[in-house]
Amino acid sequence: MNLKPCPFCGGDVYLSREKRCYRNGYDHCIICHDCGVCTPDFGASDEAVEVWNQRVLEADHPTPAANEPKGVAGEGGDGTAEKGEAA
Ligand SMILES: [Zn+2]
């Protein structure tokens, strides 16, 4: 079964058995190389792939996985944004 590209960033994804997700006792999940989004763990690779591909079809809008604010000014800050060092 083929893995569809990441619905959030379009990057390549891979099947992982790193047990990095939150379901104990399962060790198959799909992870995006680029943005790091991943499925929960599943007991079988086919199941993880199936869920991933379904998720791709449903993803019409961003999810919290891609919701980290970057360079947003005006909220929670004091106007002294760090500039000039890191590119
Ligand atoms: Zn991605």
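**Core and surface in a predicted model**

Author: This is a predicted model, and its largest nonpolar core is made of 12 residues: C6, F8, V13, C29, I30, C32, V37, C38, F42, A48, V49 and W52. Strand 2 (29–32) and helix 1 (45–58) are the elements that each supply two or more of those core residues.

Reader: What makes a set of residues a nonpolar core here?

Author: They have to be buried, come from a list of residue types that includes Val, Ile, Phe, Trp and Cys, and be joined through C-beta atoms within 7 Å. I30 belongs to the core.

Reader: Which residues does I30 touch, leaving out those up to four places away in sequence?

Author: L3, V13, L15, C38, T39, A48, V49 and W52.

Reader: Why is E18 called exposed?

Author: Count the neighbours: E18 has 11 C-beta neighbours inside 10 Å. The cut-off for exposed is 12 or fewer, so E18 makes the grade.

Reader: Where does E18 sit?

Author: E18 is in the loop between strand 1 (13–16) and strand 2. From E18 to C29 is 11 residues in sequence and 8.2 Å in space, C-alpha to C-alpha.

Reader: What is the order of elements in the chain?

Author: Going from the N terminus, you get β-β-α, which fits the total of 1 helix and 2 strands.

Reader: How much of the chain counts as buried?

Author: 18% of the 87 residues. For a residue to be buried, 20 or more other C-beta atoms must lie within 10 Å of its own.

Reader: And what share of contacts joins residues at least 24 apart?

Author: 36%, taken among contacts between residues at least 6 apart in sequence.

Key: Residues are numbered from 1 along each chain as its sequence is written. This is a predicted model: local features need pLDDT of at least 70, side-chain atom pairs count only at pLDDT 80 or more; totals for chains, interfaces and linings use all residues. Helices (H or I, at least four residues) and strands (E, at least two) are DSSP runs, numbered from the N terminus. Two residues are in contact if their C-beta atoms, placed from the backbone, lie within 7 Å.
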